[in-house]
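Reader: I'm new to this one and would like to learn how to read it. Can we go through it feature by feature?

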Amino acid sequence: MLLHINPAYLFKLLHGFPPRIMPTDGNLGGKNVQMGKPGHRQGATMHVKKYLLKCLHRLQKGPGYTYKELLVWYCDNTNTHGPKRIICEGPKKKAMWFLLTLLFTALVCWQWGIFIRTYFSWEVSVSLSIGFKTMDFPAVTICNASPFKYSKVKHLLKDLDELMEAVLERILAPELSHASATRTLNSSIWNHTPLVLIDERNPHHPVILHLFGDNHNGLTNSSASEKICNAHGCKMAMRLCSLNGTQCTFRNFTSATQAVTEWYSLQATNIFAQVPQQELVEMSYPGEQMILACLFGAEPCNYRNFTSIFYPHYGNCYIFNWGMTEKALPSANPGTEFGLKLILDIGQEDYVPFLASTAGVRLMLHEQRSYPFIRDEGIYAMSGTETSIGVLVDKLQRMGEPYSPCTVNGSEVPVQNFYSDYNTTYSIQACLRSCFQDHMIHSCKCGHYLYPLPRGEKYCNNRDFPDWAHCYSGLQMSVAQRETCIGMCKESCNDTQYKMTISMADWPSEASEDWIFHVLSQERDQSTNITLSRKGIVKLNIYFQEFNYRTIEESAANNLVWLLSNLGGQFGFWMGGSVLCLIEFGEIIIDFVWITIIKLVALAKSLRQRRAQASYSGPPPTVAELVEAHTNFGFQPDTAPRSPNTGPYPNEQALPIPGTPPPNYDSLRLQPLDVIESDSEGDAI
């Protein structure tokens, strides 16, 4: 049974009439009475209240004014199967259907939660496609395994080489070297980062021995321990100290070869960091001496077709087809005859003996306008061989945020790119090395020689920064530093990788060795004698195996269509519902909100009326008194106390002359048309 309320009463309730009656604009008793509010504000208020009244009429004709009536109306009219049975069936079946409906609603919500969580996990699926087209030839970077010519840097490494020879003598023949140690060595180099022997035959009490001078911390005498310390009982380590030797760490090695190589490289870094870069470029291998012959397809080329950059670990490196100032060269066809052919002279006889222990050419294939991190991604080509490299292309396309943590140009990466001076594209290698250099500058107050240096900073060296080696070693071994940089750097969204198939053969052969070396010596040195040898010559063939390329592309594993279909499937399977059922449920939620608003408005009106009644000390005024108060401003109501023994007029005044009764002010107020219709409908009901 629906509850019906007179719309006129609701209209007055919403208009907020106080107990005092306020007439509208009109002529009452020959006097004009004006409204207190401006006309435009009153019109806006009337429109709002008219809209609210329409909402009330809708509730009156539809679900009703209480929560119970609304729920009953929803269960009786919804298209969802379960709620209808709750209304129509008997008590037992009603309870059963209520439990079933509740259970299946919980299942639907649980399944929806799983699908929504899966959608917002931003999973991707990877698709592989194969295409065929003419492609640009990759950029090719070649470097010599030795960064400098020993003849040009020998004066810088003189003291270090002498110290290195003494260390090797001490390791190989300790008794003979101790007896013949008459030459003076540069102790300043040794004192910063010396090599020590650690006797670990007693793991609980290791003994640290110096190769030169006194023992460390006075644990034992070095000359006495040399007789009992051998290769099986001792390990070599590098001692790294800071704060004037008060805080030291030891970097252990399993082989003396690794120890002396790392120690020499660290000391050479200290020396080269104090030399201007232009002088270092002049000490490395020039392009005209290194590149003996060049042929790209059918077109000849030479060292002028290469771009020179200085890579601290390998000295001068040369890049073919980098695409910085010229357009990238396309490959006409796949096959060796359409690729790049090079003959290189590495000048192995002039290698730095203790710095370059590997002979050959370091090369790398990469995209145009990208910086070659050849130490990490390059390969070696051995001297005295012809190395053929067949290339296949893989293109990687990532979706980007929120699916993949990648970047297009690195603009949103919070790491300053120290390789920006080369005007190259973004790469995660450049970001990681820039991040490490930034940490190096903040922690050690100087930058490492192997990485670009920001303006205003200096490279680390023993003279200006005596504790830099200890700081660098700790930062290099820090897991927190690596995780921080990996967390800040992102992969590139678009990347091209070159897969290489490598084959090698001896070159030149014994039958052709004589005439080939004669011709190459004549072309380079204008000499009739052979100035080249097999140990210094490298031949390279780089070509596309085929023009097929693979595209590895990411796509959203769960898109919006997938989400909606799964949500609708679960809702339809468990409850037999559809999108219209959800709209019905939303409509009922809106009705719940309106009923709550009505109850709150009624509560506020009730509280306001109670406060108004509490302000009167006696009985409330009559309608005649209220009318007289509005029409006669000199009127004062009779507030004299009345005794029960006296009549209504104790002063025996004449009875008031009956006058015209107060008019019905509702009949004078202009009401909207829908209100009048609602009144008539209520009267009819």
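Author: Let's start with helix 20, which covers residues 579-614 and contains Val601. Keep in mind that this is a predicted model.

Reader: Which residues make the nonpolar surface patch of about 400 Å²?

Author: Phe585, Ile589, Val593, Ile597 and Val601 make that patch. As for Val601, a relative accessible area of 31% puts this residue in the partly exposed class.

Reader: There's also a record for this chain. Where does UniProt place the feature "transmembrane region"?

Author: The unreviewed UniProt entry puts that feature at residues 95-115. In the model, the span 95-115 is 100% helix and 0% strand, and its end C-alpha atoms are 30 Å apart.

Reader: Next, sheets. How do I read one?

Author: The general idea is that strands of a sheet pair through backbone hydrogen bonds, either parallel or antiparallel. Here you can look at an open sheet of five strands, ordered 11-12-4-14-15, with antiparallel pairing. Strand 11 (306-311) and strand 15 (379-381) are at the edges with a single partner strand each, so each has one side without a neighbour in the sheet. On average, neighbouring strands of this sheet are turned by 30° against each other, ignoring direction.

Reader: How many bridges join strand 11 to strand 12?

Author: Six, and the two strands run antiparallel. One pair to look for is Phe306 with its bridge partner Phe320 in strand 12. A hairpin of three residues makes the connection from strand 11 to strand 12.

Reader: And how many bridges join strand 14 to strand 15?

Author: Three bridges join them, with strand 14 covering residues 361-366, and this pair is antiparallel too. Find Arg362 and look across to strand 15: its bridge partner there is Tyr380.

Reader: Let's turn to charges. What's the idea behind a salt bridge?

Author: Side chains of opposite charge can pair when their charged atoms come close. This structure holds nine salt bridges. In one of them, the side chains of Asp345 and Arg524 meet at 2.0 Å, N to O. Asp345 belongs to strand 13 (residues 340-345) and Arg524 to helix 18 (residues 513-525), so this pair ties together parts 179 residues apart in sequence.

Reader: Is Asp345 buried or exposed?

Author: Buried, because its relative accessibility is 8% and the buried class takes in anything under 20%. Its partner Arg524 has a relative accessible area of 22%, so Arg524 counts as partly exposed.

Reader: Which residue forms a salt bridge with Lys539?

Author: That's Glu386, and the closest N and O atoms of the two are 4.0 Å apart. Since Glu386 lies in strand 16 (residues 385-397) and Lys539 in strand 20 (residues 537-556), the pair ties together parts that are 153 residues apart in sequence.

Reader: Can you show me another?

Author: Try Arg534 and Glu513, whose closest N and O atoms are 3.3 Å apart. Arg534 sits in the loop between helix 18 and strand 20, while Glu513 is in helix 18, so the parts they tie together are 21 residues apart in sequence. Arg534 is partly exposed at 25% relative accessible area, and Glu513 is partly exposed at 25% relative accessibility.

Reader: What should I look for in the backbone itself?

Author: Most residues other than glycine have a negative phi, and most peptide bonds are trans. Here, the bond from Glu401 to Pro402 is cis, with omega near 0°. You'll find Pro402 in the loop between strand 16 and strand 17 (406-407). Another cis peptide bond joins Trp507 and Pro508, with omega about -10°. Pro508 lies in the loop between strand 19 (494-506) and helix 18.

Reader: What about phi? Where does Asn321 lie?

Author: Asn321 is in the loop between strand 12 (315-320) and strand 13. Its phi is near 65°, a positive value in a residue other than glycine. With 3% relative accessibility, Asn321 counts as buried.

Reader: And Lys445: buried or exposed?

Author: Lys445 counts as exposed, at 56% relative accessibility. Its phi is positive, about 70°, although Lys445 is not a glycine. Look for Lys445 in the loop between helix 15 (428-444) and helix 16 (468-476).

Methods
Residues are numbered from 1 along each chain as its sequence is written. This is a predicted model: local features need pLDDT of at least 70, side-chain atom pairs count only at pLDDT 80 or more; totals for chains, interfaces and linings use all residues. Side-chain values use heavy atoms; hydrogens and water are left out. Two strands pair if DSSP finds at least two bridges between them. Helices (H or I, at least four residues) and strands (E, at least two) are DSSP runs, numbered from the N terminus. Axes are lines fitted to C-alpha atoms, for helices over the stretch in contact, and angles run from 0 to 180 degrees between N-to-C directions. Patches are made of residues with over 30% relative accessible area and no salt bridge: like charges are joined within 9 Å, nonpolar side chains (Val, Leu, Ile, Met, Phe, Trp, Tyr) within 5 Å. Accessible areas come from the Shrake-Rupley method with a 1.4 Å probe; for residues, only the protein chains shown count as cover. Buried means under 20% relative accessible area, exposed over 50%, partly exposed in between (1.4 Å probe, protein chains only). UniProt positions are given in the numbering used here, feature names are shortened, and annotations may be inferred rather than shown by experiment.
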